[in-house]
Amino acid sequence: MNDRTSSDVIDLTRSLLALKRSAWAIVLCAVVVGAATYAYFKQQTPIFKASTMIVSTGNQTGNQTVNQTLVSAPPLPSGALQGALLNLEVLRDISAGLEKVTGLSPEARAALQRKLLSEAAAARSSTLRVAGDVDMYGNGIYTVSARHTDPRVAAQLANLATSALIAWDAQRGLVKVSSARRALEVQLRDTETRLKQLGPVGAAPTRDQLTLLDQQATRTNDLNNLRALERAVVGSLALVAQAVTPLKPVAPRPARNAAVAGLFALLAASALVLLRSSLSRMVSSDIDLRGLHLRLLGEVPRLRTVKKGQPVLAMMHRGKAADSVTFLASNIRGCLGQQPKTVMITSLLPGEGKSTLVAGLAGSFAAGGLRTLLVEADVRHPTQRGLWGLAAETAPWVNLPQAAPFPGEEARDLQAALRNPEAAQARRLTDHLHLVVTAPHDGTAARLPTEAFRAALHLWSQHYDVVLVDAPPALAISDPLEMASMVSGVLIVLEPGKANMSGVQRLLDTLELAGANVIGVAFNKIDPRHVATGYGYGYGYRSPGVPVGRA
């Protein structure tokens, strides 16, 4: 139960970290989508909506005489009025009324008429709509709305549609009365025809003539009553309020659409980040390292842009960078204990800032009073000379242990020192820091002699407190794997979010086969705001004029 709960927390934390790292990209995506949506809808033609209100009443009133005199249409069921807008007779009345609408050109009028007919054929109307409902007694309120790019046309169209619906509703009440009237007219004509066939009616009509005369009088009276009722037929709909010209458009709504699109983009981008995080399994936090049975020894923030002419390492002696490197150096010393302090620093991929971090560590160890030797062992991509700038070119030379070269025969790079250790020399950068660089790479494949390098490390480590080896990426060439068994510990430099879990696991397996002692991982190039480890950021006591790295 506890293991399962812990796993859930880890997954949630990784997701939150992934969202935090990509927050700026997610927000930028939402802003761009929202701005594009706003610009798109802002260019659209505005649509205005005008509405009328009609009331639906039942067929019974409070006056019995009125109820017996008037003939009203039966109440409309719910939703019937929206379907009535698709009735061809209603549309015919609306189309005829469009001829009197002002503000429409003949072409626009014809286009609107075609649009109404096409919407009726599709059984879906977007120009004219009815909203509302009635109760079980046929009472309710309906709103008839019309949409158009011209607000005056929208108001006139809504009034036209309302008038057509009220007229259609009144015609519903005439259906039964008119049918009864037509049936009585047929019966009356049949009675008159039969009466003529019996001959003229005399002073003493026959029995058959009397019967037909009674039928004729009765049916004539009924017909007159029906004709009177036809004029008294009313519908169940009545106009409450006519449409007025709207002042503001109802569509498009750029701000609302932009907000919705931006929110959708925000959610979609967040989902993509979470999906990518779960699929790619990038090493991005100490939680991922614990899954690989590694410990995080320190985090070094990304350096700011270096000013022209300013050494890169000058940025390592300021603020959080100096504190982070000092904290990392302390953890490395704690991991090695009393062992000879020879540390190889490597990385999984090129471009993770390994060499800069090694130089910063060397400066931190030396500032702490430890005799430090920095050995550049990356023969294919040497960078230490450029990192140290003018100091690497002008600093005085110092003999390495057990070396006493004759003048003019000095071995002043790593390759030459391994060939002739009696003449090996290093640059004396500070009182406690010496630097051995490699010869400039000539483009050919090059490797360091393994046994000579092992012997040199063994000799030098006896005369220095710390020996740092700047090795190339471990999976690039085989040199770091051979060096790994020669040093007391191996430090892996990773850039969070750049190395995947499988690659780091493969690196660990390779180093394990080489017999390396992996002491931990240093995260490099992280956002300064996300630096979580280290003690006393911005909390150092130092004398005026003393760099942080030497405090």
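Biologist: What makes the nine strands one open sheet, and in which order do they stand?

Modeller: In this predicted model, the order is β7-β15-β14-β8-β13-β9-β12-β11-β10, with mixed pairing. The sheet is open, with β7 (296-301) and β10 (397-399) as edge strands. Each of these two pairs on one side only. From one strand to the next, the twist averages 30°.

Biologist: How do you know that β9 and β12 pair?

Modeller: Pairing needs at least two bridges between two strands. Strand β9 (residues 372-376) and strand β12 (residues 433-436) have four, in the parallel sense. Therefore they count as paired. Leu-373 has His-434 in β12 as its bridge partner. Leu-374 stands opposite Leu-435 in β12.

Biologist: What makes β11 and β12 a pair, and what joins them?

Modeller: Three bridges join β11 to β12, and the two run antiparallel. The cut-off is at least two bridges, so the pair qualifies. A hairpin of two residues links β11 to β12. Thr-430 stands opposite Leu-433 in β12.

Biologist: Which way do the side chains of β12 point, and are they buried or exposed?

Modeller: Leu-433 and Leu-435 point one way, His-434 and Val-436 the other. All are buried. That means under 20% relative accessible area for each of them.

Biologist: How do you know that helix α12 packs on the sheet, and which strands are touched?

Modeller: Contact means heavy atoms within 4.5 Å. Helix α12 (residues 354-367) touches β7, β8 (341-347), β9, β11 (425-430), β12, β13 (466-470), β14 (489-494) and β15 (518-526). The direction of α12 makes about 170° with that of β13.

Biologist: Which strands does helix α16 touch?

Modeller: Helix α16 (residues 450-461) packs on the sheet by touching β8, β9 and β13. Its direction makes about 150° with that of β13.

Biologist: Now to β1. Why are the side chains of β1 said to alternate?

Modeller: In strand β1 (residues 48-56), Phe-48, Ala-50, Thr-52, Ile-54 and Ser-56 point to one face and are buried. Lys-49, Ser-51, Met-53 and Val-55 point to the other face and are not buried. The cut-off for buried is under 20% relative accessible area, so the second set does not meet it.

Biologist: What makes β4 and β6 partners of β1?

Modeller: Nine bridges join β1 to strand β4 (residues 140-148). Four bridges join β1 to strand β6 (residues 237-241). At least two are needed, so both strands pair with β1. β1 runs antiparallel to β4 and antiparallel to β6. Val-55 has Ile-141 in β4 as bridge partner. For Ser-56, the partner in β6 is Leu-237.

Biologist: Why is the group with Val-27 and Val-31 called a nonpolar patch?

Modeller: Val-27, Val-31, Leu-263, Leu-266 and Leu-267 form the patch on the surface. Patch residues need over 30% relative accessible area, and nonpolar side chains are joined within 5 Å. These five are Val and Leu residues, so they fit the nonpolar class. Their accessible area together is about 430 Å².

Biologist: Which helices supply the patch?

Modeller: α2 (23-42) and α9 (254-280) each supply at least two residues. Val-31 lies in helix α2. The largest share, three residues, comes from α9.

Biologist: What of the whole chain: how many helices and strands, and what share is buried?

Modeller: The chain has 18 helices and 15 strands. Of its 551 residues, 42% count as buried. The accessible surface is about 29,500 Å², with 56% belonging to carbon and sulfur atoms.

Key. Residues are numbered from 1 along each chain as its sequence is written. This is a predicted model: local features need pLDDT of at least 70, side-chain atom pairs count only at pLDDT 80 or more; totals for chains, interfaces and linings use all residues. Side-chain values use heavy atoms; hydrogens and water are left out. Buried means under 20% relative accessible area, exposed over 50%, partly exposed in between (1.4 Å probe, protein chains only). Accessible areas come from the Shrake-Rupley method with a 1.4 Å probe; for residues, only the protein chains shown count as cover. Axes are lines fitted to C-alpha atoms, for helices over the stretch in contact, and angles run from 0 to 180 degrees between N-to-C directions. Patches are made of residues with over 30% relative accessible area and no salt bridge: like charges are joined within 9 Å, nonpolar side chains (Val, Leu, Ile, Met, Phe, Trp, Tyr) within 5 Å. A salt bridge is a side-chain nitrogen of Lys or Arg within 4 Å of a carboxyl oxygen of Asp or Glu.
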